[in-house]
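Reader: I'm new to reading protein models and would love a close look at one part of this one. Could you pick the sheets and walk me through them, along with whatever sits around them?

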Amino acid sequence: MDIASLRAQHPDHWKKACAIRVLTLDAVAAANSGHSGMPMGMADVATVLFEKHLNFDPADPKWPNRDRFILSAGHGSMLIYSLLHLTGYKQATLDELKNFRQWGARTAGHPEYGHLEGVETTTGPLGQGISNAVGFAMAEESLRARWGAKVMDHYTYVIAGDGCLMEGVSQEAIGIAGKHQLSRLIVLWDNNGITIDGKVELSDVTDQKARFAASGWDVFECDGHDPVEIDAALDKAKRSPRPALIACKTHIALGSSAQDTSKGHGALTDKQLIAETRAAYGWDHGPFDIPADVKSAWAAIGARGAATRAEWAARLASLPAGKQAEFNRIFAGDAPAKLGAAIRGVKKAAVDSPKKLATRSASELVLAAVNPVAQETIGGSADLTGSNNTKTADLGVFDPLNRKGRYVYWGIREHGMAAAMNGMALHGGVRPYGGTFMCFTDYARPSMRLSALMQVPVVYVMTHDSIGLGEDGPTHQPVEHLAISRATPNTWVFRPADLVETAEAWELALSTKTTPSVMALSRQGVAAVRKTHTNQNLTAKGAYVLAEATGKRQVILMATGTEVEIALKARDMLEAEGIGTRVVSMPCMELFAAQDEAWRKKVLPAGPVRIAIEAGVRMGWDRWLLGERGKEAKAGFVGMSSFGASAPAERLYQEFGITAEATVAQTKALL
């Protein structure tokens, strides 16, 4: 439908949609930066969605049963900012629109979760939004099964562009959605045929509609500028028993001289172009000036959801008090009251009956105690369930026949799994954890970074954490991956030494509301190192003295995970020669760095030789070797400086010199 027909046949709709378009033009012009074309092209689709379909209430942006709207094509951020402003979200003021992309503004260049109410997820990297949305929809299905449709019953809507669909993670995501028949997931594809470089056909020939259909989706089409067709397509999609794609044929930068060109994708700031576009729209108001009748029409759309939310609140209030409290707890992200007792029980049993155990197996024992207590956990693995030890007997399998199941078989989709887990955590009411090999943090890395950026407490169970995995060889042996994860802000990297530390790490990971955790867990068995029970969570300190020197302290051996056992053996050898040696277990560098200086100084006093032992690269250790009162002349590292090799684990540790004997030799050389 062309502009003349739209203005003539749907004048009221046209004005509302044009408010989005002109606010976009004005904000991008003020910032001299941004992406104008997508909001201009998808304004009609967004207007119909918000006016006729989306259940939301700007007065309560985090109402748990609201429909979720995700702008996967995050470069078109002025679309969502305009919508939030026009519908009455308090934080989306006109001043925020005027300060688009400026320091301190809530209206960042791409939508950022936590900056502005109404933004459900951070969607700068393309493909993430549509992939997060799969997790949102899975969480909704799980919670609806658990709580009933009176309490949880909503849709997840996504606006995605060609870039989102080209990114590889989108295929992982749509495959998961199709398998699980996520009928409450609806993707509105901005099918404009343009990318930054030019026409899509420059780089792609994919039949996207056939691709989605082949992945188990229902596919619909509409003229993305015809409000009647858009509305009808949304009605059909909502009735679909499967996830739905609506291919919305649109014109990027509609009504401007840059329409249907790559120029239209970017920032339209030329004054003449903007003036001519406003004239084509029939818009004779000044910058950021929305006429009263259009304002009131959008305000009415924003007010529409208050009654729906109130009805939902009444239904929630009709539940028994205990159920209401539990519902409020899981959406607040609070740990269950019985979590601490469950963890203490595991720790006490571990000390009473110590055994040699791989920390991946230790993790499974902890989860067996925790999952019945924390009913909000949803576990899973990227096709490595038997290796990651992430499935416990009580979970049941989440699939279309059992929405109450709490274990997901993600398939070989590390990135899709991680992105969906972000969506689950953002949805609220569930605590996702998922496993793969530590080496394949590489495949999950973009989503792991966004977990940290968005401050969502996803737990990444990364097993086979070193050359200790053995015969699979260097492609599967992580050496740099601990350093990469530790280099990421707002991430806890736990590398526990035994069952007790593993239990403590899980307690911390399931109690935080703002920090993702990486559990680096071993394939090979290790002896128990914590021999005395304490209710205190020592892992929460990040590092602590595990074994003290018996005489004058000359050496401090620091280690994590499987290498703590090596440090203790080296200590025995050094002590036998009269060399006083302290062993420090450092299960989480980030938490140790967060302690006050008094604790760090107590654990790492000045003076002794310091050796760090870890079957990974040295990067990240120098803070504790050379800083914190350490000296380069008295510091050493026992670990990896190359990739691994294919052989049994014991041989690899010998060949790469990660042994008690090598530790003793290096220590003596530094004394």
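Author: Let's start with a word you'll need: a residue is called buried when its relative accessible area is under 20%, and exposed when that figure is over 50%. Keep in mind too that this is a predicted model.

Try the word out on Thr156, which is found in strand β2 (residues 156-160). Thr156 has a relative accessible area of 0%, so it is buried. Who is around it? Leaving aside residues up to four places away in sequence, Thr156 touches Arg68, Ile70, Ala133, Phe136, Ala137, Arg184, Leu185 and Ile186.

Now for the six-stranded sheet. It is open, its strands come in the order β10-β9-β11-β12-β14-β13, and the pairing is parallel. β10 (407-409) and β13 (492-494) stand at the edges with a single partner strand each, so one side of each has no neighbour in the sheet. Ignoring direction, neighbouring strands here are turned by 20° against each other on average. As for what holds such an arrangement together, strands of a sheet pair through backbone hydrogen bonds, either parallel or antiparallel.

Let's zoom in on β9 (residues 377-381). Three bridges join β9 to β10, and the two run parallel. Within that pairing, Ser381 stands opposite Tyr409 in β10. β9 also pairs with β11, again in the parallel sense and over three bridges. There, Ile378 of β9 has Pro432 in β11 as its bridge partner.

Is β9 enclosed or open? Five of its five residues are buried, so β9 is largely enclosed by the rest of the structure. There's a nice pattern to look for as well. In a regular strand the side chains alternate between the two faces of the sheet. In β9, Thr377, Gly379 and Ser381 point one way while Ile378 and Gly380 point the other way, and all are buried.

Something lies across this sheet, too. Helix α19 (residues 441-454) crosses β11, β12 (459-463) and β14 (517-521), and it runs at about 155° to β12. Follow the chain on from β12 and you come to His464, in the loop between β12 and α20 (481-486). With 5% relative accessibility, His464 counts as buried. Not counting residues up to four places away in sequence, His464 touches Arg360, Ser387, Phe437, Met438, Leu469, His476, Pro478, Leu521, Ser522 and Arg523.

Strand β11 also takes us to the largest pocket, which holds about 530 Å³ of space. It has 25 lining residues, and the closest to its centre are Tyr113, Phe331, Ala425, Leu426 and Gly428. At least two residues of the lining come from each of α14 (321-332), α18 and β11 (431-437).

Helix α18 (414-427) turns up again beside another helix, α8. Among what covers the buried residues of α8 are α6 (128-147), α7 (162-166), β3 (185-191), α9 (208-214) and α18. Those buried residues include Val169, Ser170, Ala173 and Ile174, along with Gly175, Ile176, Ala177 and Gly178. Helix α8 (residues 168-179) has twelve residues and reaches 17 Å from its first C-alpha to its last, close to the 16 Å expected at 1.5 Å a residue. Just after α8 comes Gln181, with a positive phi of about 50°.

Now compare the other sheet. This open sheet has five strands, ordered β16-β18-β17-β19-β20, and its pairing is mixed. β16 (544-547) and β20 (635-639) are at the edges, each with a single partner strand, so one side of each is left without a neighbour in the sheet. From one strand to the next, the twist averages 30°. Strand β19 (residues 609-614) and β20 run parallel and are joined by five bridges. In that pairing, Arg610 has Ala635 in β20 as its bridge partner. A helix lies across this sheet as well: α22 (residues 563-576) crosses β16, β17 (553-559), β18 (580-585) and β19, running at about 170° to β18.

One last stop, for contrast with all those buried residues. Gly282 sits in the loop between α11 (271-281) and α12 (292-303). At 42% relative accessibility, Gly282 counts as partly exposed. From Gly282 to Gly657 it's 375 residues in sequence and 76 Å in space, C-alpha to C-alpha.

How values were computed: Residues numbered from 1 in each chain as written. Predicted model: local features only at pLDDT ≥ 70, side-chain atom pairs only at ≥ 80, totals over all residues. Heavy atoms only, no water. Pairing = 2+ DSSP bridges. Helix = DSSP H or I, 4+ residues; strand = E, 2+ residues; numbered from the N terminus. Axes fitted to C-alpha atoms, helices over the stretch in contact; angles between N-to-C directions. Contact = heavy atoms within 4.5 Å. Buried < 20%, exposed > 50% of the residue type's maximum accessible area, 1.4 Å probe, protein only. Expected span 1.5 Å × (residues − 1). 1 Å grid on protein atoms, 1.4 Å probe; cavity = no way out; pocket = protein on both sides within 12 Å on 5 of 7 lines; lining within 4 Å. Points joined across faces, edges and corners; volume = space filled by probe spheres on them.
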